[in-house]
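Please look over the sequence and the model shown here before reading the report. The text then takes up a pocket, two helix pairs and two single residues.

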Amino acid sequence: MNTWAQALRVYGNPRLLAILAMGFASGLPLALTGATLQVWLAEAHVSLVDIGLFALVGIAYSVKFVWSPLIDRMPLPWLTARLGQRRSWSIAIQLALACAIAALGASDPVSDVWRTATLAALVAFLSASQDIVIDAYRIELLDADEQGAGAAATQWGYRFGVIASGAGAMALAELFGWPRAYLVMASLVGVGL
């Protein structure tokens, strides 16, 4: 008969801890292109119409099935031979995502709202791409009897990432300003690496 302690022991598995970290990196960008970004835009006195249009950047999450076969099958030169298909895409996307988040934070929504919107769309695209890789990697990394725990670890990490990029980013912005808050969030993507 299994006890609760035995059931929870699976979460100490290093592979599940890696999945938790990747889930965290997966959850970070969502608020940075959603609610957190809307607060920043409102504080910058961007028009409500423009703020409403920023909701369109989230479309990338709904249509990621379009480019997921590309990520699933196309090797990256140099990296795939050394790290494998999933790890190479994960590293490439996460490095690009960190740069895009930092660039988004450095943008000025008052003077160039289109640049901010373009960068927000890029962050959402890279985030959706990261989700594709993380889901595939989790399925390949874990045994069949670990898939449920892997899904739970992903969700826990994801929720912690959303909290960090929501409340955490807003608290940082209050203390240090939006560019630095986004820079810190960009560095936290490294948790998934």
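The report below describes a predicted model, and its sections go from the pocket to helix packing and then to individual positions.

## The largest pocket

The largest pocket has a volume of about 180 Å³, and its lining is made up of 13 residues, of which Met22, Ser90, Tyr137, Gly192 and Leu193 lie nearest the centre. Two or more lining residues are contributed by each of helix H2 (14-32), helix H8 (85-106) and helix H9 (113-141). The largest share comes from H8, which gives 5 residues to the lining.

In chemical character, the lining of this pocket divides into 8 nonpolar residues, 3 polar residues and 2 charged residues.

## Packing of H2 and H9

Two packed helices are described by the angle between their axes and the distance between the axes. H2 and H9, both of which give residues to the pocket lining, pack at an angle of about 165°, with 9 Å between their axes. Because angles over 145 degrees count as roughly antiparallel, H2 is described as roughly antiparallel to H9. The crossing in which H2 passes H9 is left-handed.

## Packing of H10 and H11

Helix H10, which covers residues 147-176, packs against H11 at an angle of about 140°, and the axes of the two helices are 7 Å apart. The angle places H10 and H11 in the oblique class, so they are called oblique to each other. Their crossing is right-handed.

## Glycine 190

Glycine 190 is found in the segment that follows helix H11 (178-188). Is this glycine buried, partly exposed or exposed? The relative accessible area of glycine 190 is 34%, and because values from 20% to 50% fall between the limits for buried and exposed, glycine 190 is classed as partly exposed.

Glycine 190 and glutamine 94 are 96 residues apart along the chain, while their C-alpha atoms are separated by 7.4 Å. Glutamine 94 falls within the residue range of helix H8 (85-106), the helix that supplies the largest share of the pocket lining.

## Proline 75

Proline 75 has its place in the loop between helix H6 (68-73) and helix H7 (79-83). With a relative accessible area of 49%, proline 75 is partly exposed, since a residue counts as exposed when this value is over 50%.

Where does proline 75 stand in relation to leucine 32, 43 residues apart from it along the chain? The C-alpha atoms of proline 75 and leucine 32 are separated by 29 Å.

Technical notes. Residues numbered from 1 in each chain as written. Predicted model: local features only at pLDDT ≥ 70, side-chain atom pairs only at ≥ 80, totals over all residues. Heavy atoms only, no water. Helix = DSSP H or I, 4+ residues; strand = E, 2+ residues; numbered from the N terminus. Buried < 20%, exposed > 50% of the residue type's maximum accessible area, 1.4 Å probe, protein only. 1 Å grid on protein atoms, 1.4 Å probe; cavity = no way out; pocket = protein on both sides within 12 Å on 5 of 7 lines; lining within 4 Å. Points joined across faces, edges and corners; volume = space filled by probe spheres on them. Nonpolar A, V, L, I, M, F, W, Y, C, P; charged D, E, K, R; others polar. Axes fitted to C-alpha atoms, helices over the stretch in contact; angles between N-to-C directions. Parallel < 35°, antiparallel > 145°, perpendicular 65-115°, else oblique. Left-handed = near helix turned anticlockwise from the far one by under 90°.
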